[in-house]
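Trainee: Could you walk me through one part of this model up close? I'd like to see how the pieces meet.

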There are 4 protein chains.
Amino acid sequence: MRESRIMKPSEGTLRDYCGLFGILGDADAPYLTYQGLYSLQHRGQEGAGIVTGGADGRLSGSRGLGLVVEHFTEARLRKLTGDRAIGHVRYSTVGANHRRNVQPLLVQCALGQLAIGHNGTLVNALELRNELESAGAIFRTSIDTEVIIHLLARSGQARIEDALLQVLPRIDGAFSLLVLCQGKMIAIRDPYGFRPLKLARLGKAFVVASETCAFDLIGAEYLRVVEPGEMVVIDDQGMRSMQFTPAKPEPKRCIFELIYLARPDSVIFDRAVHRFRHRCGQILAQHHPREADLVMPVPDSGNFAALGYADASGIRYTYGFIRNHYVGRTFIQPSQSQRVSSLKLKLSPVPQLFEGKRLVVIDDSIVRGNTSRRIIETLRQAGAREVHFLAASPPYRFPCYYGVDTPISKNLIAAHKSIEEIREHLGADSLGYLTIEQVLQAARRELKNEEDFDIHRQGFCVACFDGSYPTLGEKVVEKEMLQSRR
Amino acid sequence: MRESRIMKPSEGTLRDYCGLFGILGDADAPYLTYQGLYSLQHRGQEGAGIVTGGADGRLSGSRGLGLVVEHFTEARLRKLTGDRAIGHVRYSTVGANHRRNVQPLLVQCALGQLAIGHNGTLVNALELRNELESAGAIFRTSIDTEVIIHLLARSGQARIEDALLQVLPRIDGAFSLLVLCQGKMIAIRDPYGFRPLKLARLGKAFVVASETCAFDLIGAEYLRVVEPGEMVVIDDQGMRSMQFTPAKPEPKRCIFELIYLARPDSVIFDRAVHRFRHRCGQILAQHHPREADLVMPVPDSGNFAALGYADASGIRYTYGFIRNHYVGRTFIQPSQSQRVSSLKLKLSPVPQLFEGKRLVVIDDSIVRGNTSRRIIETLRQAGAREVHFLAASPPYRFPCYYGVDTPISKNLIAAHKSIEEIREHLGADSLGYLTIEQVLQAARRELKNEEDFDIHRQGFCVACFDGSYPTLGEKVVEKEMLQSRR
Amino acid sequence: MRESRIMKPSEGTLRDYCGLFGILGDADAPYLTYQGLYSLQHRGQEGAGIVTGGADGRLSGSRGLGLVVEHFTEARLRKLTGDRAIGHVRYSTVGANHRRNVQPLLVQCALGQLAIGHNGTLVNALELRNELESAGAIFRTSIDTEVIIHLLARSGQARIEDALLQVLPRIDGAFSLLVLCQGKMIAIRDPYGFRPLKLARLGKAFVVASETCAFDLIGAEYLRVVEPGEMVVIDDQGMRSMQFTPAKPEPKRCIFELIYLARPDSVIFDRAVHRFRHRCGQILAQHHPREADLVMPVPDSGNFAALGYADASGIRYTYGFIRNHYVGRTFIQPSQSQRVSSLKLKLSPVPQLFEGKRLVVIDDSIVRGNTSRRIIETLRQAGAREVHFLAASPPYRFPCYYGVDTPISKNLIAAHKSIEEIREHLGADSLGYLTIEQVLQAARRELKNEEDFDIHRQGFCVACFDGSYPTLGEKVVEKEMLQSRR
Amino acid sequence: MRESRIMKPSEGTLRDYCGLFGILGDADAPYLTYQGLYSLQHRGQEGAGIVTGGADGRLSGSRGLGLVVEHFTEARLRKLTGDRAIGHVRYSTVGANHRRNVQPLLVQCALGQLAIGHNGTLVNALELRNELESAGAIFRTSIDTEVIIHLLARSGQARIEDALLQVLPRIDGAFSLLVLCQGKMIAIRDPYGFRPLKLARLGKAFVVASETCAFDLIGAEYLRVVEPGEMVVIDDQGMRSMQFTPAKPEPKRCIFELIYLARPDSVIFDRAVHRFRHRCGQILAQHHPREADLVMPVPDSGNFAALGYADASGIRYTYGFIRNHYVGRTFIQPSQSQRVSSLKLKLSPVPQLFEGKRLVVIDDSIVRGNTSRRIIETLRQAGAREVHFLAASPPYRFPCYYGVDTPISKNLIAAHKSIEEIREHLGADSLGYLTIEQVLQAARRELKNEEDFDIHRQGFCVACFDGSYPTLGEKVVEKEMLQSRR
């Protein structure tokens, strides 16, 4: 469970990062984008924007802080017209004056009007930004997406495709991009394929989204993923694909998308997310058997893993917490009378359930440890005799530089403590994790069109567990700089 | 599952009705009331209000449409001061001009300032209202609570307790009441005890709430229920109890509180709600065994019953739907392009789960049948081979006149169709209900201080199942009038 | 000039009190009422409301704090439909929780739905209110209008006219009333005729308003005044008049309407307001000649009197102050850095105009004296050699109990100081007032249909100048009670 | 009188253009800027912004649509801190999505953070913008101010002063600029000095503003104008001046600032505005004597000219119209029932004043003629026997390219019609204008420190009257292009 998903402001916990949706060729494009963003809301609750292209070729848009349904009032939605649109949901630090950081960015430059939405993080953004500023570029935002726009505007190319082919090799890191300009929508995925990006059809229209759950909602038919290193150009004539750079021999898809970030009803990296999580729970049961009366998840992130554990172990499954769905960022929490913890506002322990019971409690991961500790404490107060805490992933030890907003190292509990020390800190009777190998085993392809690149690491980035950042090599200095930017 | 809980405007489905919270003797009373209402939000999402009593004895308040966190901004909350407060959450028909119907009502009359919050429905409200208007009373709202206020104002009594003792015997139906006036807070429960009302302590303060989940959130210690026919007067000197009318020989507590309305982590009528629901699921399994691969709830109302079924039957439990927590009443649903059903916005079927599977799907009840039908349809489209639908309660055949806003008879599917006809309408492979006896069996007390009044009907109102309205007797005409008011 | 007209919150200065507008028989009634209220905005800037009667006979309305154009957004206005409407603008004390005091009040009682707007003050309101509360009445507002409604609801009459005929003789003081109920609109003026109320036609529709400027704006044709003691009933059949009480032998029309309250382009009490004020200026010139270089008004309340003075004296007229039209109640005036006086925000002295000049400065009246003092000070700082200050009315010595919100006696500068003491306080080189006789001379009728009742006091209330309250007689106690209510 | 000043959206009438205010060295800088902008509100009612520099050197700001008091709520104002600030009010086309055009613009570039506010129009903005886009610049706004920022960012200079010295010679047209960066505030005026810009002191702080009325409000002491071609750099050490380009031999100050745009209580171009306008009225009287009973202004723009006419002619001065001060852009004017003209909403003719009278009506200028025609019509309907209309300026025949948003030529009535044709169009009994020579005569310096450059045209731009654009020379094509941009 991630606090930040619900309660603001979060401080240093893991956060979702961004969701993308685009469509070209449907008269309802703005509204469908609204629905698509709504289904991707879990990927960013703090800002939402839509840019549409009208019949006259002009792009216009609306962006704002808050949830999709908060910003897009009927009046705002009605103003958006056209048969093409791209949309974006994002997390951002709190504060009204950061409205300018909400995407998609929409600018006017030598290539005409241009709108871009970005999911990921560029590791060489600061370097490029300094270089661009020295060459006279003006920055209005503090997000790395603006660096891409400046590079495009300065490419000297007349066609957006040529500009992209020139610029994309210069940017490094994680990027799934959606570009809308007069006449075209372009979907791009970085050579490692860190972040998901998918294609579908809705009648004659083409649709692009971060997760398949967006397709399911609007009734679009899933086609395929955008491949690592691929650029897909969609216009009124149809869809063309080109490889803007050779794909890396081995993709580096973010394992944490499967573990926590994606919605359980999405299919990500050709894996059904819920099935992956269920399998993680089964593997946990196999390697961490416990004598217990009940298995329960930390809702909702631990739900499927806990089910998997229950199924494999035969221990009875139950809901131990009731989640309050009305928590929003607007709940007023006065500092002077902090009588109620934020945990209690979200999760209420079910009474008359734990008395004298031995519990297995399962969450998807442990990042800082604070929430886990309070959960265990709450369960003990409710009468639990034993609390065995299991994480359906390996110890989270290294910050992510590819699009997940993790705390700095000193706040990652597993970066400094042994598993036994963590157990003690949490106050659990026992503590268990999956190994990297086990989590990759759960991610092993089961689909029929399975291919063979899934050998070593099966094409996943597990840098948050082992520190092997795919793009940074031995650049220790750069790592430190990235670290300091947090 | 109730649509109305999530999506507005609902049309004729079952709705929660009201939640009450009050506290006297804590300097943080307004904020604690805000938290209490927040935990009772499931009992009414369309209006919220708080009235506080300050040190100067003056009452003042704030009321508005929307969720607790929507109406009570920091600025509004800051204006409320005092060591006593009562609060109310309510459903109401949509429309900004109904703000005046939001409770607690606050008036000035011969008894001084008076604030009242009401959970329930008076069956003789219209009669009393006509009588009062003829005698010169002015009505500003369309809610029956105002009738009580007029009766109090005209009692000719000098003390609020005396006024209440005179007035309460005249009102008929379901009422849990909280009254705040200068110096006192008074909690009242009708002689049948239709609706819950409970007492607790927080330090030196006394707390009253509809459900225990409010006590749990603020850390108050549960004392006891307000008894049917009891009036509890709380002031700075402490708490005094009096019986304003003899309790009925047998209480008529609303069985639907246990089945659906209350939060699963509450203790209602001395029953742990989640345990009651789990037991209903077990009984279902006993009387409606099915050959199936998976048991799944309609979230969240069917969760515990489905668990109970799974536990008793040994069939594997799973989550078949992912619920979107960002649905609010603000989601824009344009009539012209209703491409996405409201069901789909709330519940997404988990992919790659149902293919060829035989499912047992469990909800708490079936009211109109529309949602159930769409759920079954969705599951079949997702590949389910068989869908067995079970309701963890008896057929809902009669409208409630005691505080639950049910559709008129013609929209209650079980009022007109046999179970087999309903099954056909829903498109289920089989359909099962509990009997009234079975649901009462599940409600049988298990607590140690069990008493003996639980013989006939065990003290529950089951009029929605059998039409035996406790207060209306043979008054057929009155029933029809109540019906016509919907 | 009145500060309160522009800057909020005012503290104890004179304030406008209320404006009424009503129309029956035009499909555009709500919008015409909106326009009518807009033209009466000077009579009340702090709250506005409209109640309309639709084709179905139902009344509905919208009320809110702020200016007419602030509360009535397009969305709110669009909701109001019907061919009849009454509207009200009012002053009120600041504070969002006083929204309930905004008129017209709309209630449901034995007479059906009833809406009332009131301009004036009842001197026996408190007495009646106590009596009504003792008899069980419930009050929601703190305004005396609600007393009238309770009396009507309790009249036991079936027809609204009969109820009014019974109730109106019981209320004492100043009241111009507009009543809207199903089928009828009724206009009423108290037996003394303190406040204006006028009738007009717009096509087939009848129109009622406080001042003729409302008729001019919508293009309605002025018919006549509602007479003191008259009740005019308007319905689809036309207009009927009845005298609910004998008119007093001599009306007591508020002289301050002419002096300050009404708009200069209105015709009030059959006098053109601007002409009255101009004449006051002429009389001032006659009785207070000054050796001076320039005559200037305190804008805008002194404009016409200053013109009259200039015309009669031959001294050059000029604008000495530029008024800032963007001042509103929203200007932020932080207490900690009160560098700029509120006077300066509204009025800027014109530079290079006063150097060495002798000025005659004319305002309509002097209430507390604070503004006048600051004006004189400002002019001296701007270089004026002499400042002669003239009020185009007599010394304001007694609080008004008939609808003008004046400060309590101790804040009325003329209640305690001689003219010489006031002059000294203001810092003027000389100070002059009109006498009561002079101001009544200016009010002498000039219209052709002049009648003969204008002998003694010419039918005007001048209690604010001489303390002879028409309705209070020798009831010193009552006066003190009214005083204490401020 | 200009409609656009009051009623939105205006269509093609003359509009104010922009106001600037800046201060460095006062702890109250943000609030003083708020007050300064408030006093300059007449120069732009549709958008307002403030950028402040805090103790940490960081700039931050707030901008929004609407009036100063509308956008700057207490919460927004409280967030602004620091001892230096610049502010801007502007007109803009209506529409929420143009918020990004509100100034001051705040960017990050190689020179660090930079905020710029601009009053005027660049005639070579489009040319520069095309050039910059070709070189890779990205534009977010449609205002020419952004061109200046791009040029600065690309200057390659390290110091803002050097960047400005390099860039300013490249821009052509009218520009008064205020720049705020870390450590400095810089005030700039174009070589022709089209728009005013002034310096003052407030204690130790330096203040800059478009008009002196801003100094008067906050109590600052006027120092001097920023000279044409001058750049004044203000920092903690004090004020330094440099000439960024040789001043033109003859300044081209906008004569329309004196005629209409500036507030009458301002001193502009070393002239007291009110005195200039009064003198225009006197000259009108001398050259256009009329047999008449009354002289009246079109309020408020004709006020001082009408006074001047009355003083010179001896004809009695009066107010013929009462102006409604509550008109705002929010007045709802439904297209379907346009019963009331927008003129009537603002100006009500005073009744019983015009019957049989011969009037001289004076406005500052005639642009499209629509308002003048309706005014004359209204006065005739009110009974006027003769209406003589006089404009206190020459015929307005050519669009302005230097910062005043005039209609295109075809909507300028004097561009196509002779004076006699205009008179006929307006329906006046006679029509008179000043000549260019007469208006320049009125502008002749009277201050003691008079200098000698006021020979030919006295250093004023009168292109709107004679088409002699100072900067465009014979470039007919460019004129047409500017024309087409409207």
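Mentor: Sure, let's start where two chains touch: the contact takes 64 residues from chain D and 64 residues from chain C, where contact means heavy atoms within 4.5 Å. Keep in mind that this is a predicted model, so local features need pLDDT of at least 70 and side-chain atom pairs count only at pLDDT 80 or more, while totals for chains, interfaces and linings use all residues. Residues are numbered from 1 along each chain as written, chains are lettered from A and ligands numbered from 1 in written order, and side-chain values use heavy atoms, leaving out hydrogens and water.

Between them, chain D and chain C bury about 5,500 Å², with 57% of it on carbon and sulfur atoms; that's the accessible area (1.4 Å probe) lost on being put together, summed over both. On the chain D side, D:Tyr38, D:Tyr319 and D:Tyr326 lose the most area to chain C, together 15% of what that side buries. You'll also find 2 salt bridges between the two chains (a Lys or Arg side-chain nitrogen within 4 Å of an Asp or Glu carboxyl oxygen). D:Asp311 forms one with C:Arg316, and the closest N and O atoms are 2.9 Å apart.

Now hop over to chain B for a contact inside one chain. From H4(B), B:Ala125, B:Leu128, B:Arg129 and B:Leu132 meet B:Val147, B:His150 and B:Leu151 of H5(B). Sorted by class, that contact has 5 nonpolar, 1 polar and 1 charged residues (nonpolar means Ala, Val, Leu, Ile, Met, Phe, Trp, Tyr, Cys and Pro; charged means Asp, Glu, Lys and Arg; the others, Gly among them, are polar).

Methods:
Helices (H or I, at least four residues) and strands (E, at least two) are DSSP runs, numbered from the N terminus. Buried area is the accessible area (1.4 Å probe) that two parts lose on being put together, summed over both.
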